Amino acid sequence: MAQVALEEVRKVYPSGHVAIPGASFTVADGERLVLVGPSGCGKSTLLRMIAGLEEISGGTLRIGERVVNDVAPADRDIAMVFQSYALYPHMTVAENMAFALNLRKRPKAEVEARVREAARILELDALLDRKPAQLSGGQRQRVALGRALVRQPAVFLLDEPLSNLDAKLRAGMRAEIARIHARTGTTMVYVTHDQVEAMTLGQRIVVLKDGVVQQVDKPMAMYRDPANLFVATFLGSPAMNTLQGRVEAGAGVRLADGALLPLPGVALPADAGEVVVGLRPEHLAVAEGEGVVLHAGIETVEPVGNEVFLNLRVAGEPLVARIPPGQVPEPGTTVGLSLRPGEVLFFDPSSGARLRA
Ligand code: ADP
């Protein structure tokens with residue numbers, strides 16, 4: 001096992017494209033860390049640099065105590081699982097899992113023991129004699145994980161390993177990967193564009209945008225306390241609502257349509273002037289009388305079973321509220337909304353930086 005430390009790691013592709021201007025973070029020994037961000041933000045580039053599949057243009061990469069910038073992939077003590085996991089179709093599950101070890105000429109007894117152990121962890125014992133064609137998509141992905149597991153690397157690197165699976169299988173495999181990680185205790189770096197996968201699987205998350213690390217933190221801490229507008233709106237579904245306005249000291253925020261969003265007791269950012277107000281959909285509630293702080297027109301109502309999404313419009317801007325099923329207002333009407341004042345976030349409209357009191 002080992003920690004993975006990046007210090008100002010940089011990637012400039014031969015085309016001149018600066019994919020990673022300089023990224024620094026550390027994956028603790030035994031930690032499960034998720035790299036997340038939209039397509040093209042540089043997740044795969046970072047992971048491939050850790051794997052040694054992509055040259056590092058600058059900075060320092062350490063696995064354990066060793067600087068590995070110029071160490072070949074095979075000598076880095078890592079195992080990588082990709083989105084497309086080509087299993088050898090003519091080999092059995094056991095042979096597929098044993099392949100890398102046989103290639104390294106490991107003793108037969110050791111290979112068999114490691115395959116047995118991986119099969120036990122992955123619950124593949126009953127399938128060891130099958131060919132890939134006789135397996136379901138989820139089982140095949142488990143074999144792909146098994147091939148990485150048998151190598152007992154110091155670090156697992158996973159690049160969108162669940163993208164090819166359907167939603168239900170993906171949820172199951174997510175839990176399985178967490179379980180495998182708990183059993184092996186091996187340091188794991190997991191790449192995904194899916195914020196739900198990141199939130200559920202990451203012990204900590206690194207959010208990337210345009211090759212730049214935006215924030216590194218535990219999932220719920222980051223959700224509650226995002227460093228900037230990008231992180232705030234990237235995490236959460238439906239996304240956080242944003243309203244433009246101007247701070248009025250001691251009162252609240254004056255919205256674009258002239259209405260005041262009263263924020264009694266809320267520490268408003270000082271000297272902020274124009275701000276973006278961030279309101280999570282679950283922090284809004286339909287209300288009457290005293291608690292009402294906003295009036296919103298209801299455009300559409302989306303029941304999703306255990307809750308209802310209200311698509312609203314306030315001061316010309318779209319807003320979503322998540323409310324419990326039950327007394328759901330009608331589209332075309334106007335509702336009063338209350339909010340939890342302590343949960344309101346403020347951002348700088350031009351830089352997106354978080355504004356604090
Ligand atoms: P992600 O995995 O987050 O989708 P990538 O790491 O694949 O993003 O890509 C990051 C950026 O680097 C993108 O703008 C992409 O177009 C660019 N890129 C990736 N591979 C190469 C390459 N071989 N040559 C030039 N640019 C590349």
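This tour moves through the pockets, one cavity and one helix pair of the structure.

The model is predicted, so that local features need pLDDT of at least 70 and side-chain atom pairs count only at pLDDT 80 or more, while totals for chains, interfaces and linings use all residues. Residues are numbered from 1 along each chain as its sequence is written, and side-chain values use heavy atoms, with hydrogens and water left out.

**Stop 1: the largest pocket.** Select Ala-79, Met-80, Phe-82, Arg-147 and Arg-151, the closest to the centre of the largest pocket among its 22 lining residues. The pocket holds about 500 Å³ of space. A pocket is an open set of points on a 1 Å grid over the protein atoms alone, with protein on both sides within 12 Å along at least five of seven lines, and lining residues have an atom within 4 Å of a point. A volume is the space filled by probe spheres set on the points, which are joined across faces, edges and corners. Next, colour strand 6 (78-81), helix 2 (93-103) and helix 4 (137-149), the elements that give two or more residues to this lining. Helices (H or I, at least four residues) and strands (E, at least two) are DSSP runs, numbered from the N terminus. The lining divides into 17 nonpolar, two polar and three charged residues. Here Ala, Val, Leu, Ile, Met, Phe, Trp, Tyr, Cys and Pro count as nonpolar, Asp, Glu, Lys and Arg as charged, and the others, Gly among them, as polar.

**Stop 2: helix 2 and helix 3.** Keep helix 2 and add helix 3 (residues 108-122); the two pack at an angle of about 130°, with axes 10 Å apart. Axes are lines fitted to C-alpha atoms, for helices over the stretch in contact, and angles run from 0 to 180 degrees between N-to-C directions. Helix 2 is therefore oblique to helix 3; angles under 35 degrees count as roughly parallel, over 145 as roughly antiparallel, 65 to 115 as roughly perpendicular and the rest as oblique.

**Stop 3: the largest cavity.** Select Val-81, Leu-145, Ala-148, Leu-149, Phe-156, Leu-158, Ile-177, Ile-180 and Met-188, which line the largest cavity. A cavity is a set of grid points where a 1.4 Å probe fits but cannot get out. Its volume is about 60 Å³. The lining has nine nonpolar residues, no polar and no charged. Helix 4 gives the most, with three residues.

**Stop 4: the second largest pocket.** This pocket has a volume of about 240 Å³. Select Gly-342, Glu-343, Val-344, Leu-345 and Arg-354, the closest to its centre of 17 lining residues.
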